[in-house]
Amino acid sequence: MTDPNVLSTVRVPLVEEAEAEGRTKELYDAIKSRMGIPFVPDMFRLVSSRPDLLEVVIAGYGGVFNDGVLPRATREMISAWSSKVNGCPYCVGTHNWFLAQFGGPQELTDAIENAPSVEELPVDDRTKVLMRLVTKVGTGAFRITDEDWAATEAAGWSNEEMLEAVFTAALFAFINRLVDGLGLGNSVTRSRIASQSEDATVSEERLAEGR
């Protein structure tokens, strides 16, 4: 179960794709098909020795990145920014890569990586209101007030869109802690997804879904 791409700081066994069998192999194949990339991201492999837990992670990820009411680029922006708020640069790099795949400009991905606050993000006023809401999910969700919700709604976001945005931010509070708590975040400077060659892309099928 050793893997040269992941250093010894990872605290749990990782099932290599070539060694995956039974339910784990089925789940690995589903992950690659759903994400439109040719390998299983190491975040999923953190729970590969427990297919029951892997199914939970896949279900949560699918809830965000399967068909949604928000554009895929918006969901990726929320994922990357929430990871920044939660102090997980590993996940910031991963979802900035996906954000770029789905049309996010480099100015935005650079700002997500470097901006000190949500106010510095190069997005329009309506989007900034939504991003203030999801920022609070990471900094202290108990501080979200009815006034915050009403202000986001007044900016033109529907209740369904706000639910999806908060769910996405909350999911990444979990994913970021899984990645860092199990040692993956400290294992490499960049994820395998973020380290792909410049010409790497998600599959045409997934790109079409995000348009």
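Select Tyr61 and Phe65 to begin: both lie in helix 3, 4 residues apart, about one turn of the helix, where helices (H or I, at least four residues) and strands (E, at least two) are DSSP runs numbered from the N terminus. An α-helix has 3.6 residues a turn, so residues three or four places apart point the same way. What you are viewing is a predicted model, in which local features need pLDDT of at least 70 and side-chain atom pairs count only at pLDDT 80 or more, while totals for chains, interfaces and linings use all residues. Residues are numbered from 1 along each chain as its sequence is written, and side-chain values use heavy atoms, with hydrogens and water left out.

**The aromatic rings**

Rings of Phe, Tyr and Trp (its six-membered ring) are called a pair if their centres lie within 6.5 Å, and planes under 30 degrees apart count as stacked, over 60 as edge-to-face and the rest as tilted. By this rule there are 4 aromatic pairs. Add Phe44 to the selection: its ring and that of Tyr61 have centres 5.3 Å apart and planes at 70°, so this pair is edge-to-face. Because Phe44 belongs to helix 2 (residues 42-45) and Tyr61 to helix 3 (residues 51-65), the pair ties together parts that are 17 residues apart in sequence. Phe44 and Tyr61 are both buried, a term that means under 20% relative accessible area, with exposed over 50% and partly exposed in between (1.4 Å probe, protein chains only). Returning to Tyr61 and Phe65, you will find a tilted aromatic pair, 4.5 Å centre to centre with 45° between the planes, and both of these residues are buried. Now include Phe172, since ring pairs link Phe44, Tyr61, Phe65 and Phe172 into a cluster.

**Along helix 3**

Show the whole of helix 3, which has 15 residues and reaches 20 Å from its first C-alpha to its last, close to the 21 Å expected (the expected span being 1.5 Å times one less than the number of residues). Its buried residues are Leu54, Val57, Gly60, Tyr61, Gly62, Val64 and Phe65. These buried residues pack against helix 1 (22-35), helix 2, helix 4 (72-85), helix 5 (89-101) and helix 9 (159-181), with contact meaning heavy atoms within 4.5 Å.

**Two arginines over rings**

Next, select Arg72 and Phe98: the charged end of Arg72 sits over the ring of Phe98, 5.8 Å from its centre. A charge sits over a ring if NZ of Lys or CZ of Arg is within 6 Å of the ring centre and within 35 degrees of the ring normal. Then move to Arg126, which lies over the face of Trp157 at 3.6 Å from the ring centre.

**The largest pocket**

On a 1 Å grid over the protein atoms alone, a pocket is an open set of points with protein on both sides within 12 Å along at least five of seven lines, and lining residues have an atom within 4 Å of a point. The largest pocket holds about 450 Å³ of space, a volume being the space filled by probe spheres set on the points, which are joined across faces, edges and corners. Of its 20 lining residues, select Val92, Gly93, Asn96, Glu113 and Arg190, which lie nearest its centre. Helix 4, helix 5 and helix 6 (106-114) are the elements that give two or more residues to this lining, and helix 5 gives the most, with 6 residues.

Note on methods
On a 1 Å grid over the protein atoms alone, a cavity is a set of points where a 1.4 Å probe fits but cannot get out, and a pocket is an open set with protein on both sides within 12 Å along at least five of seven lines; lining residues have an atom within 4 Å of a point.
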